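This report walks a new reader through one protein chain, beginning with the chain as a whole and then turning to its sheet, its charged pairs and one buried position. Please keep the sequence and the model in view while reading.

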Amino acid sequence: MRRLKLIGIGAGNPDYITMQAINALREVDVVFVTDKGDDTTDLLRARKEVCERYMQAKPYRIIEIQDPERDRSPAAYRSAVAAWHEKRAALYEQVIREQLSDDECGAFLVWGDPSLYDSTLRIIDQVSARRTVDFEWEIIPGITSIQALAARHRIALNEIGESIRITTGRRLADEQPAVGTNVLVLLDGNCAFKTLTNDDIDIYWGAYLGTPDEILLSGRLSELSEQIERIRAHARNQKGWIMDTYLLRKRGASSC
């Protein structure tokens, strides 16, 4: 039986990888990596560096998968994402069947943790449900950008007796929530924090967390909003990509 592992490799620093992930990598014969084009060569290289660092016990192969085109400004967001996932599932199914032998173990290396705002888990679930190629699979958790953000800013994510909300930039902009004490935002390509007018909010922002290019800013949102937008745009233009995360918190609250 083919075996497949979805391995969380952390937010960018190779040291974020857990011992469980390292042990799982030592069993792997084939590493599947998705190539998203020239703009994300850094991400592809980082995955290969993880392999070189932790997969020295036995020979392994790296199989690159060309990511299908995706509509980035669809009229219907959910249906566009579903169509993109279908295309990915077909490609993943093909490479698992053709590149992974019955007695081999394959792996997808997932940024952060496979369970949090990443499509790999859902796509592999789709492939498994088709029952056209048999494999056993498991998930190895990883350190998320949320955890890395808190560590780098030396803050707790929760406040006394309060909940934590995790959302995306798209949802933050669409819903215009009344920001309480802890709102964590991922996948914000349009700086949705600009839409918040409350002057009583702090932001803890981080980009390229755990890497040599890491950028950290924190303080009153109304004072940092334009600066973060400017720095973010410059960094993205320089590298061709950006991964950033931030926490919005009511000013003056104490955490525990």
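## The chain as a whole

In this predicted model, 72% of the contacts between residues at least 6 apart in sequence join residues that are at least 24 apart. The protein chain is built from seven helices and 10 strands, and 48% of its 256 residues count as buried.

The C-alpha trace spans about 60 × 40 × 40 Å along its principal axes. A compact globule with 256 residues would have a radius of gyration near 18 Å, and the 19 Å found for the protein chain agrees with that expectation. The accessible surface of the chain comes to about 13300 Å², and carbon and sulfur atoms account for 45% of that surface.

## A parallel sheet of five strands

Five strands form an open sheet with parallel pairing, and their order across the sheet is E3-E2-E4-E1-E5. The edges are taken by strand E3 (61–66) and by E5, each of which pairs on one side only. From one strand to the next, the twist averages 25°. In general terms, the strands of a sheet pair through backbone hydrogen bonds, in either a parallel or an antiparallel sense.

Strand E1 (residues 2–8) has E4 and E5 as its neighbours in the sheet order. Six bridges join E1 to strand E4 (residues 105–110), the two running parallel, and isoleucine 7 has leucine 109 as its bridge partner in E4. E1 also pairs with E5 in the parallel sense, again over six bridges, and here the bridge partner of lysine 5 is glutamate 138. E1 is mostly covered, with six of its seven residues buried. Helix H4 (residues 120–130) lies across E1, E4 and E5, and it runs at about 165° to E5.

## Salt bridges between distant parts of the chain

How many salt bridges does the model contain? The count comes to 22. As a general point, side chains of opposite charge can pair when their charged atoms come close.

Glutamate 138 and lysine 5, already met as bridge partners in the sheet, also form a salt bridge, with their closest N and O atoms 2.3 Å apart. The pair links distant parts of the chain, since glutamate 138 belongs to strand E5 (residues 135–140) and lysine 5 to strand E1, 133 residues apart. The two residues differ in their cover: lysine 5 counts as buried because its relative accessibility is 4%, under the 20% limit, whereas glutamate 138, at 35%, counts as partly exposed. Both residues belong to a network of salt bridges that links Arg3, Lys5, Glu27 and Glu138.

A second pair is formed by the side chains of arginine 53 and aspartate 15, which meet in a salt bridge at 2.6 Å, N to O. This pair, too, links distant parts of the chain, with arginine 53 in helix H2 (residues 41–54) and aspartate 15 in the loop between E1 and helix H1 (19–25), 38 residues apart. Arginine 53 is partly exposed at 41% relative accessibility, while aspartate 15 is exposed, with a relative accessible area of 52%.

In a third pair, the side chains of arginine 232 and aspartate 244 meet in a salt bridge at 2.8 Å, N to O. Arginine 232 lies in helix H7 (residues 221–239) and aspartate 244 in strand E10 (residues 244–250), 12 residues apart. Here both partners are covered: arginine 232 counts as buried at 8% relative accessibility, and aspartate 244 counts as buried at 10%.

## Threonine 167

Is threonine 167 buried or exposed? Threonine 167 is buried, because its relative accessible area of 4% falls under the 20% limit. Its place is in strand E6 (residues 165–168).

Which residues does threonine 167 touch, leaving aside those up to four places away in sequence? The contacts of threonine 167 are with Tyr117, Leu172, Val183, Leu184, Val185 and Leu186.

Methods: Residues numbered from 1 in each chain as written. Predicted model: local features only at pLDDT ≥ 70, side-chain atom pairs only at ≥ 80, totals over all residues. Heavy atoms only, no water. Helix = DSSP H or I, 4+ residues; strand = E, 2+ residues; numbered from the N terminus. Buried < 20%, exposed > 50% of the residue type's maximum accessible area, 1.4 Å probe, protein only. Contact = heavy atoms within 4.5 Å. Salt bridge = Lys/Arg side-chain N within 4 Å of Asp/Glu carboxyl O. Pairing = 2+ DSSP bridges. Rg over C-alpha atoms; globule rule 2.2 N^0.38 Å. Areas by Shrake-Rupley, 256 points an atom, 1.4 Å probe, with all protein chains shown as cover. Axes fitted to C-alpha atoms, helices over the stretch in contact; angles between N-to-C directions.
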